[in-house]
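Colleague: I have a new structure open and would like to learn how to read it. Could you take me through some features?
Modeller: Gladly; let us look together.

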Amino acid sequence: MTVPARPAPSDAVRGVPASGPRLEGVDVARAIALLGMIATHVGAVPDAVDWADPSTWAAVAHGRSSSLFAVLAGVSIGLTSGRTRPPGPPASGVLRARLAVRAVVLVGVGLLLMALDTPVYVILPTYGVLFLLAIPVLRMRARWLLALAGACAVASPVVALASAPWYAGAGTWEVQLGLVYPVVTFFAYVLVGMAVARVGGLEARGGQCALLASGALVAVVAYVVGNLAAPVPADAAWAAFPGVPYAPGDSTPAQALAQEFLSPRDHSSSVVDVVGTAGVAVALTALCCLLVDGRGARVRRVAFPLVAVGAMPLTVYAFHIVVIALLPEYPQSAVAWGWFAVGSVLFAMLWRTVLGRGPLERLLARLTALVRRTA
């Protein structure tokens, strides 16, 4: 069993605050997000959930996996930048510079993965942009982070609709870089994750329970309102495009407005979609921390396969796209997802047991460590 990583001595000397013990529950949640995203890529997951048909339940991975991934990005930014007490200058300058380095690396790796020309919409370039956007709000308090996240949620469908015409006739790269994972929409998720880290709710039982209950309540209310006010149109599965609100051509103005702002459809960029998926992400993250962190060695051993995957998200994400590119045919089946999931878990467990930090995470750490406080 691995021991939680301690802050490097050089960081303490140079004024960068210790981030505290690693929360393995966050790693477990990140692993769930990764495996969910892989399922949407290769698992032939149904387009929509029909709760009366268990064979469609895997469709919950649509939209919620990528949003969970983004919320956890915000959680990680918050945890590594002082948790409940983000530092002031000059340490904050070091953190901002390191965040910028991470952003550049994520964009670079994402573009390389896109160059493999797989059918997968690569999220990493958008991730890099989100890390850059997080720099100005790095020291913002939780309540203001949530207020800004709410503003992004309201603006999300407006920006998505306004920008969609720019991509008419655009190539695959342009669509991936700006439409499928809208920056305003996903920045809301990052802000929510940062707020969760800033309130410190993931580190104690009371906070974990409060976040679990509040996240679940927010998600339930959002989806109830959405399904009552703007039921998903029957043709949305084939007519709608990821990241863009959709209303059938025969909709009245009121119906179209409801679909654009209140649709519960996954990847619709509506207010309900953003709020609902963010609530699910917060609740699931809190649940993972509640079940894993602070528990005994037996629980840690059981959780280790998922912890190993979640501790090297960049490596596992890039690895699965490289494998897709190397296969003679694009895999699309539950069996294919099973092989990818098992392969990812075994690779991550073996690497973490023998070598510790994942290869791409190790590279990223070395590059960010080049930014040091000089005063």
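Colleague: At what angle do α2 and α3 pack, and how far apart are their axes?
Modeller: First, a word on the source: this is a predicted model, where local features need pLDDT of at least 70, side-chain atom pairs count only at pLDDT 80 or more, and totals for chains, interfaces and linings use all residues. Residues are numbered from 1 along each chain as its sequence is written, and side-chain values use heavy atoms, with hydrogens and water left out. Helices are DSSP runs (H or I, at least four residues), numbered from the N terminus. Axes are lines fitted to C-alpha atoms, for helices over the stretch in contact, and angles run from 0 to 180 degrees between N-to-C directions. Here α2 and α3 pack at about 150°, and 8 Å separates their axes.

Colleague: Is the crossing of α2 and α3 left-handed or right-handed?
Modeller: A crossing is left-handed if the near helix is turned anticlockwise from the far one by less than a right angle, and right-handed if clockwise. For α2 and α3 the crossing is left-handed.

Colleague: Which residues of α2 and α3 meet?
Modeller: Contact means heavy atoms within 4.5 Å. On the α2 side the residues include Val26, Ile32, Leu34 and Met37; on the α3 side, Leu68, Phe69, Leu72 and Val75 are among them.

Colleague: Where is tryptophan 51, and is it buried or exposed?
Modeller: Buried means under 20% relative accessible area, exposed over 50%, and partly exposed in between (1.4 Å probe, protein chains only). Tryptophan 51 sits in the loop between α2 (24–42) and α3 (61–79), and its relative accessible area of 61% is why it counts as exposed. In that same loop you will find threonine 56, which is buried because its relative accessibility is 12%. Leaving out residues up to four places away in sequence, threonine 56 touches Pro46, Ala48, Val49 and Asp50.

Colleague: What do phi angles and peptide bonds usually look like?
Modeller: Most residues other than glycine have a negative phi, and most peptide bonds are trans. Alanine 44 has a positive phi, near 50°, and belongs to the loop between α2 and α3. With 39% relative accessibility, alanine 44 is partly exposed. Serine 269 also has a positive phi, near 65°, but at 2% relative accessibility this serine 269 is buried. As for peptide bonds, the one from proline 89 to proline 90 is cis, with omega near 0°. Proline 90 is in the loop between α3 and α4 (91–114).

Colleague: Where does serine 270 lie, and which residues is serine 270 in contact with?
Modeller: Serine 270 lies in the loop between α11 and α12, where serine 269 is found too. Setting aside neighbours within four places in sequence, serine 270 contacts Pro157, Gln259, Glu260, Phe261, Leu262 and Ser263. Serine 270 is buried, because its relative accessible area is 0%.

Colleague: How many residues of helix α5 are buried?
Modeller: In α5 (residues 124–134), eight of the eleven are buried, so the helix is largely enclosed by the rest of the structure. Tyr127, Leu130 and Phe131 are among the buried ones.

Colleague: Where is arginine 357?
Modeller: Look in the loop between α15 (334–354) and α16 (359–369). At 44% relative accessibility, arginine 357 is partly exposed. Apart from neighbours within four places in sequence, arginine 357 is in contact with Trp351, Arg362 and Ala365.

Definitions and conventions
Helix = DSSP H or I, 4+ residues; strand = E, 2+ residues; numbered from the N terminus.
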